[in-house]
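Work through the exercises below with the sequence and the model side by side. Each task is followed by a solution in steps.

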Amino acid sequence: MDFETVIGLEVHLQLNTATKIFCACRNDFGLPANTCVCPVCLGLPGTLPVLNRMVLRSGMKVGLALNCTINTFVKFDRKNYYYPDLPKGYQISQFDFPIAKKGFLDFITGGQEKRIGITRAHMEEDAGKLIHDDAVNATLVDYNRTGTPLIEIVSEPELRSAQEAYDYLSALKLTLQYLNVSDCDMEKGSLRCDANVSIRPKGEEKLGTRTELKNMNSFSAVKRAIEHEAERQARLVFSGGSVVQQTLLWNEEKSVTVPMRSKEQAHDYRYFPEPDLVPFTLTEAAIAAVRGELPELPFVRLRRMVAQYGIMDYDAIILVSDRAFADFFEAAALTGVDVKSLVNWMNGPLMKELKERRCRVTDLKLKPLDLAALVRRVNDGTISNLAAKDILADIVDSGKDVDLVIREQGLAQVSDEDELGKIVDDILKEHPQVVEQIRSGKANAAGFLVGQAMKRMQGKANPKILNEFIQRRVMHV
Amino acid sequence: MITNETVKYIASLSRLHIEEDRLPVFRAELESILQYIDQLAKLEVANVPPTSHVFQMENVFRDDVVAPSLTPAEAMSFAIDQHSGHYKVPKVIE
Ligand SMILES: [Zn+2]
């Protein structure tokens, strides 16, 4: 029997607002423990939460970017559980009227377009951090993270492989980055992902029993954990067993999933409306205003750029992988420079310079006009490819004018026929046997002479022109 | 029907300790609450807009502006036990 894997993902996104979701404490990482806490986020009696307006705004942005319907009536609910990371004994979240519902995300996976449904996106507060300290035989609690604004994004169980889940996550992260509402850094925990995994015989409509995977710290860990879990479930079913619904923790070092102990997963959250927060109504005009502020999103931009510039999907994917990089390309393309060459220079040498410096294109002194000028100088034969790469390495940091660098460093190729003529004549005299070979029909023997001439001219010649020149000289002298 | 088992389960979720001989008391109280809900459910409310909050207020916001948090001394003043700037609680994972 053939099985298919059914995957749904829950992504938690920490927002990059200045303050927490319900209080004015700084929303920041890496501060000393319990230095950004107040009576509200510590859940002291008699305090009242008040919603940060930027959180609602970011929630609308995320919902709209994921093609969701924004609820015009929004409220918060209490999700009740006792754990030391939750000082109030409940998490303020959203149950039946979340900010956004019923959307989708388009992306490319396995060379094909795929659309995955988004069930909902809702706002909630993050919990504190627990450190299990053996030295003092206790658990230590840092409440700095308590009240950090989160958006939880729940996908439909429509992903069919670990690779698809990986590609969905990458596309989702890119979309969220374009919105500029979060760091989206999985290592720092500002983006977290849990996966619901089940298997079923191919063609079966009914969903199998699912398990929930937690504790994955990178996209590739998500992929590995899903692969491992799907295999585990298949082996279980083949050997006559059945899948038990449970929460599993991914152990990255050992590459295995370990069941969470039952005490920790006795979750019966008893949601009820949060009486400390009044509801929110959003007008269609307010929703339209936020929609108007959205940037062109990566998938739409990808499609447009392929159509507008006649470039390959593969190249467009690299260009849109960073909003600033795509902006840079389009600004340079506006100058009318040959787009195919520009793409090659962006995704090749420029990308290499960025990787070496581990920075974004906006961190460079290089401006779009400079790159366009460089590409133009290569295409009109003024400089060789090799010289252009050296110039690029210089101007990304110096921001110097391309033509100025060409002049200063004497990098212009020699195309003056008189000067070329002298050098070529010398070389022909020195290698009469090669000249004979060319005359007797071995045209590629000229390559050796081109090499010799290039050496003498310290690379400052256009090899194509030089080759033609030598062929002509050999035949007519 | 609320059973003694249900009362124990709800108590455990709320981290409440209830003596065996008190179970029937809470069972009866929870039962009467549910009966009241049943009574409410019978009301004709088709033309009554749903209430989600007792106050007729909405859209109460705060601007995204930082205000000072508690000082470490103030933050720790609520702690029953503490260790190097952290609240110290019984170990939750072995
Ligand atoms: Zn606070």
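## Exercise 1: The zinc site

A:Cys23 is buried, with a relative accessible area of 4%. The model is a predicted one.

Task: find which protein atoms are the donors of the zinc ion, and how they are arranged.

Solution.

Step 1. List the donors. They are the SG atoms of A:Cys23, A:Cys25, A:Cys38 and A:Cys41, at 2.3 to 2.4 Å from the zinc ion.

Step 2. Read the spacing. Along the sequence the donor residues follow the pattern C-x1-C-x12-C-x2-C.

Step 3. Place A:Cys23 and A:Cys41 in the chain. Both lie in the loop between strand S1 (3-14) and strand S2 (51-52) of chain A, 18 residues apart.

Step 4. Check the angles. The four donor atoms subtend 99 to 116° around the zinc ion, so the arrangement is tetrahedral; the rule asks that all angles lie between 85 and 135 degrees.

Step 5. Check burial. A:Cys41 has a relative accessibility of 4% and counts as buried, and A:Cys23 is buried with a relative accessible area of 4%.

## Exercise 2: A buried arginine

Task: determine what surrounds the side chain of A:Arg120, and which side chain of opposite charge is nearest.

Solution.

Step 1. Locate the residue. A:Arg120 belongs to strand S8 (residues 112-125) of chain A.

Step 2. Look for a charged partner. A:Arg120 is buried and has no salt bridge. The nearest side chain of opposite charge is that of A:Glu152, 6.5 Å away, whereas a salt bridge needs a nitrogen and a carboxyl oxygen within 4 Å.

Step 3. Look for polar partners. A polar atom of the A:Arg120 side chain lies 2.8 Å from the backbone oxygen of A:Phe95. The side chains of A:Arg120 and A:His122 also make a polar contact, at 3.1 Å.

Step 4. List the contacts. Apart from neighbours within four places in sequence, A:Arg120 touches A:Gln94, A:Phe95, A:Pro98, A:Ala100, A:Lys101, A:Glu152, A:Ile153 and A:Val154.

## Exercise 3: Salt bridges between distant parts of the chain

Task: state how many salt bridges there are over all chains, then describe the pairs of A:Arg78, A:Arg301 and A:Arg473.

Solution.

Step 1. Take the count. There are 39 salt bridges over all chains.

Step 2. Start with A:Arg78. This residue pairs with A:Asp276, with 3.3 Å between the closest N and O atoms. A:Arg78 is in strand S5 (residues 77-80), while A:Asp276 is in the loop between strand S16 (272-273) and strand S17 (280-281), 198 residues apart. A:Arg78 is buried at 12% relative accessible area, but A:Asp276 is partly exposed at 28%.

Step 3. Go on to A:Arg301. Its side chain forms a salt bridge with that of A:Asp327 at 2.7 Å, N to O. The pair links helix H5 (residues 298-309), which holds A:Arg301, to helix H7 (residues 323-333), which holds A:Asp327; the two residues are 26 residues apart. A:Arg301 is buried at 5% relative accessibility, and A:Asp327 is partly exposed at 37%.

Step 4. Finish with A:Arg473. A:Arg473 and A:Asp425 form a salt bridge with closest N and O atoms 2.9 Å apart. A:Arg473 sits in helix H15 (residues 463-476) and A:Asp425 in helix H12 (residues 417-430), 48 residues apart. Both are partly exposed: A:Arg473 at 25% relative accessibility and A:Asp425 at 26%.

Step 5. Look for shared partners. Salt bridges with partners in common join A:Glu296, A:Arg301, A:Arg304, A:Asp327 and A:Glu330 into one network.

Terms used. Residues are numbered from 1 along each chain as its sequence is written. Chains are lettered from A and ligands numbered from 1 in the order in which they are written. This is a predicted model: local features need pLDDT of at least 70, side-chain atom pairs count only at pLDDT 80 or more; totals for chains, interfaces and linings use all residues. Side-chain values use heavy atoms; hydrogens and water are left out. Donors are N, O and S atoms within 2.8 Å of the metal (3.2 Å for Na, K and Ca); water is not among the atoms, so sites may look incomplete. Four donors count as tetrahedral if all angles lie between 85 and 135 degrees; four count as square planar and six as octahedral if opposite donors are over 155 degrees apart and all others between 65 and 115; anything else is irregular. Helices (H or I, at least four residues) and strands (E, at least two) are DSSP runs, numbered from the N terminus. Buried means under 20% relative accessible area, exposed over 50%, partly exposed in between (1.4 Å probe, protein chains only). Lys and Arg count as positive and Asp and Glu as negative; His and the chain ends are not counted. A polar contact is a pair of N or O atoms within 3.5 Å; within protein, one must be able to donate a hydrogen and the other to accept it, and residues adjacent in sequence count only if both atoms are side-chain atoms. Contact means heavy atoms within 4.5 Å.
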